[in-house]
Amino acid sequence: MTWFASPADAAARLTAVGYLADPATATTTFLAGALEKPMLVEGPAGVGKTELAKAVARATGAELVRLQCYEGLDEARALYEWNYKKQLLRIQASANDQEWSATHDDIFTEEFLLTRPLLTAIRREEPTVLLIDEVDKTDVEVEGLLLEVLSDFQVTIPELGTVEAIRRPLVVLTSNASRELSEAVKRRCLYLHLDYPDAEREREIVASQVPGLDDRVAEQLVATIGRLRELELKKAPSIAESVDWARTLIALEIRDLDDKAINDTLGVVLKHASDHDRAIRELRLKK
Amino acid sequence: MNEQRAVHRSGLVDRHISFLEALRGAGLAVSLAEDLDAIAALTALEWSDRSVIHDAYAATLLKRQAQRPTFDALFDLYFPRLVGEGARAADDSNEEAGEGDGARDNAQALQAFQAELLDALSQDDQQRLLQLAAEMVGRFGAMPGRGPGLSSWSAYTALQRVSPQELVDQIVQALLSEGRNDDEAQRVAGRRLGAFTRQVEDDARRRIAEEKGPDHVANVAIRPSIDRLDFTSARRSDLEEMRREIYPLARRLASRLTQEHHARRRGPLDFRRTVRASMSTGGVPLVTHHKPKRPHRTELVVLCDVSGSVANFAQFTLLLVFALRDQFQKVRAFTFIDHVHEVTHHFTPGADVVDVMADLAASTAHAALWGRTNYGRALTKFEENHADALGPKSSLLILGDARSNYSDLHADVLSRLAGTARHAWWLNPEAARHWGTGDSAAPTYGAIIDMVECRNLTQLGEFVHDLAG
């Protein structure tokens, strides 16, 4: 199956499911499908990295299998695990005179295998989007585990043999770049850096995410966000914050984003006290 | 086979390979596998749009956002946006032909061009600015050569003649009328001018590459990426960019340190707890329990030279150290030129980076008596006034280029200080090959305490990581 016909097709279908992709994103997404290579998406928090994977799944009608990475994630949580409690029961329930070799063959079968996201994604016969979220949060050992999966789309289980992908999933890895990933992982991936969008695109995104927003307010909001990003802040507001802000304005029924309104709702966009002070000082907001 | 030879003749593969060579030369790790990926990606795409090719190359060859500027610059060299004056100029050439070369470059033309540039800059019209940059180099930056192939282009000449800097005030006025306040207008105007200057430089590079071949330019004209740029050779706009990098860098380091601490957190086996826990599984110890490990945290004393030549380096290091303060037990910072002044109080938790920088710059005056760097005197003063700062638990970190204007070095004071502290390091922002040249006392001091070369953000980050880890 081809995922997308062309970059333009990718952009159009992503737009149709509510994800406004820029040309670089559309091209890389198309290539990820065409070359059957995983896609590594990096960028600041809240620019829509995870959302991209979900949107691809929606646009292609594929199912999303998600592996959320965290510190201490291991093979048993990422790949597969033997259901040892069930195996124990099986051994206890079997008749005493049964040969060990027979029991052994019995308990290492499909029935006792607990598949985890990576194995699930590989064994699925329907189109699948595999999202490996925040891959930089894992330990280095897990990267080694990913290598086999990402390059050959196969998993080796000693007792069962090698399981190969029936249909290659489209893999999206996201990372906040809190740690450099190993060269080996990066080499196997297409790289995409998502950044803050330009004003025009951001306005479109806000408008599509928050339908009830007045055009004039949306323009003011995007302009203010743009000005905030120019300041030296600890955490610049991202798209997620713009959307939150727009929702806040709707909830508070603010029809005009003047100094007072900005001042009252600034907590939605800026999450550090010192950023707050700086914004008020630099934008000369009146209390 | 025939087909392959035909492709080869077009020069496309040659260009592709020399582009990859240039990327490797600039420090990007591009392997053969990535080379093949790029080819596969290009085959899967249509060649109708330059930006698609750019994105495809970026997706397959680029693996780190910090390398983006280098990649973009090289891509522009090997796959230029336009050739010569571009297609647009060819259309215009009919009407301009009558005026001849003289009319293209005189005082009147210069003024008209400035007016147009001002208009474009005030509106921040990117498309037009790109055209203007190309036009500017073409008209005002040409350096006629002695013969064919020897003519060249100079961004410097073009910038000197048109001098966009003079337009700052007018751009600020335009921004103010848009409702921005004056600080902000100044900043935005500065940034737009900086961006335009870069566009002009890029275009000059493109033209030179066209005449002399991209390989020639790629070797000399590409600046290293921001995290590999020397502190001592950074421009003002680079410094600003570096400052923006400090906080993300600190966050990356902090999360890396926490992860590493966690990985090493398991202390020796706690036998009693393991056995007790095994009771619930019939005496089989399924889970082992460990005694927690007591984390060791360093007490840090930073002593930095803030004289003009190395002030930036000292500021970056201080900012980074204080951004990571929770990784250390305690941090005290002193600045010196020929006198010592404590600056710890400027670094309140959660303080604003820009404010701290301003405070530091203002407090430089306290660190100088006569204003000539004198390491010997500064060390003696430190020993006299702040000897209590150093103890057996603390680490001493000295930042500076060890250029002491041929004054008395007081190496004995330094060895006493180093003897009191648990560890002592000297960070030198100069390249190691310059140590010991001129008035540098690096060999003398380096013999007493470990001297480490620390020229860019990457090296600084690595050092601070090892210090805290």
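**Entry 1. The mixed sheet of chain B**

I began with the strands of chain B and found an open sheet of six, in the order β7-β6-β5-β8-β9-β10, with mixed pairing. I then noted the edge strands of chain B, β7 (340–342) and β10 (450–453), each of which pairs on one side only. Ignoring direction, I recorded an average turn of 25 degrees between neighbouring strands of this sheet. I should add at once that the model is a predicted one.

I looked next at one pair within the sheet. Strand β5 of chain B (residues 299–305) and strand β6 of chain B (residues 330–336) are parallel and share seven bridges. For a single position, I noted that B:Asp305 lies opposite B:Phe336 of β6(B). As background, I recall that strands of a sheet pair through backbone hydrogen bonds, either parallel or antiparallel.

**Entry 2. A helix pair in chain B**

I turned to helix α14 (residues 236–263) and helix α16 (residues 311–323) of chain B, which pack with their axes 9 Å apart at an angle of about 20 degrees. Angles under 35 degrees count as roughly parallel, and α14(B) is therefore roughly parallel to α16(B). The crossing of α14(B) past α16(B) is right-handed.

I listed the residues that make the contact. From α14(B) they are B:Leu239, B:Met242, B:Ile246, B:Tyr247, B:Leu249 and B:Ala250, and from α16(B) they are B:Asn312, B:Phe316, B:Leu319, B:Leu320 and B:Ala323. Sorted by class, the contact of α14(B) with α16(B) comprises 10 nonpolar residues, one polar residue and no charged residues.

**Entry 3. Chain B as a whole**

I recorded 21 helices and 10 strands for chain B. Its radius of gyration is 29 Å, well over the 23 Å that the globule rule gives for 469 residues, so chain B is more spread out than a compact globule. The C-alpha trace of chain B spans about 90 × 70 × 50 Å along its principal axes.

**Entry 4. Chain A as a whole**

For chain A I recorded 14 helices and nine strands. The radius of gyration of chain A is 24 Å, whereas the globule rule gives 19 Å for 287 residues; the value is well over the rule, so chain A too is more spread out than a compact globule. Along the principal axes, the C-alpha trace of chain A spans about 85 × 40 × 35 Å.

**Entry 5. The parallel sheet of chain A**

I found an open sheet of five strands in chain A, ordered β2-β5-β8-β1-β9, and its pairing is parallel. β2 (63–68) and β9 of chain A stand at the edges with a single partner strand each, so one side of each has no neighbour in the sheet. The average turn between neighbouring strands here is 20 degrees, direction ignored.

Within this sheet I examined strand β5 (residues 128–133) and strand β8 (residues 170–175) of chain A, a parallel pair with four bridges. A:Leu130 has A:Val171 of β8(A) as its bridge partner. I also noted that α2(A) packs on the sheet, where it touches β1 (39–42), β8 and β9 of chain A, and that the direction of α2(A) makes about 160 degrees with that of β9(A).

**Entry 6. A hairpin in chain A**

I looked up strand β6 (residues 154–157) and strand β7 (residues 161–164) of chain A, which run antiparallel and are joined by four bridges. The two strands, β6(A) and β7(A), form a hairpin with three residues between them. A:Ile157 stands opposite A:Gly161 of β7(A).

**Entry 7. Where the chains meet**

I counted 32 residues of chain A in contact with 39 residues of chain B. On the chain A side, at least two residues each come from α2 (23–34), α9 (183–187), β9 (190–193), α11 (215–230) and α14 (273–282). α2(A) gives the largest share of that side, six residues. By class, the side of chain A that touches chain B holds 10 nonpolar, seven polar and 15 charged residues.

**Entry 8. One helix crossing at the interface**

I followed α2(A) across to chain B. The axes of α2(A) and helix α4 (residues 50–61) of chain B come within 9 Å and cross at roughly 60 degrees, which means that α2(A) is oblique to α4(B). I noted a right-handed crossing of α2(A) past α4(B).

In this contact, A:Pro23, A:Ala24, A:Thr27, A:Thr28 and A:Leu31 of α2(A) meet B:Ser51, B:Val52, B:Asp55, B:Ala56, B:Ala58 and B:Ala59 of α4(B). By class, I recorded seven nonpolar, three polar and one charged residues for the contact of α2(A) with α4(B).

Key
Residues numbered from 1 in each chain as written. Chains lettered and ligands numbered in written order. Predicted model: local features only at pLDDT ≥ 70, side-chain atom pairs only at ≥ 80, totals over all residues. Contact = placed C-beta atoms within 7 Å. Nonpolar A, V, L, I, M, F, W, Y, C, P; charged D, E, K, R; others polar. Axes fitted to C-alpha atoms, helices over the stretch in contact; angles between N-to-C directions. Parallel < 35°, antiparallel > 145°, perpendicular 65-115°, else oblique. Left-handed = near helix turned anticlockwise from the far one by under 90°. Pairing = 2+ DSSP bridges. Rg over C-alpha atoms; globule rule 2.2 N^0.38 Å.
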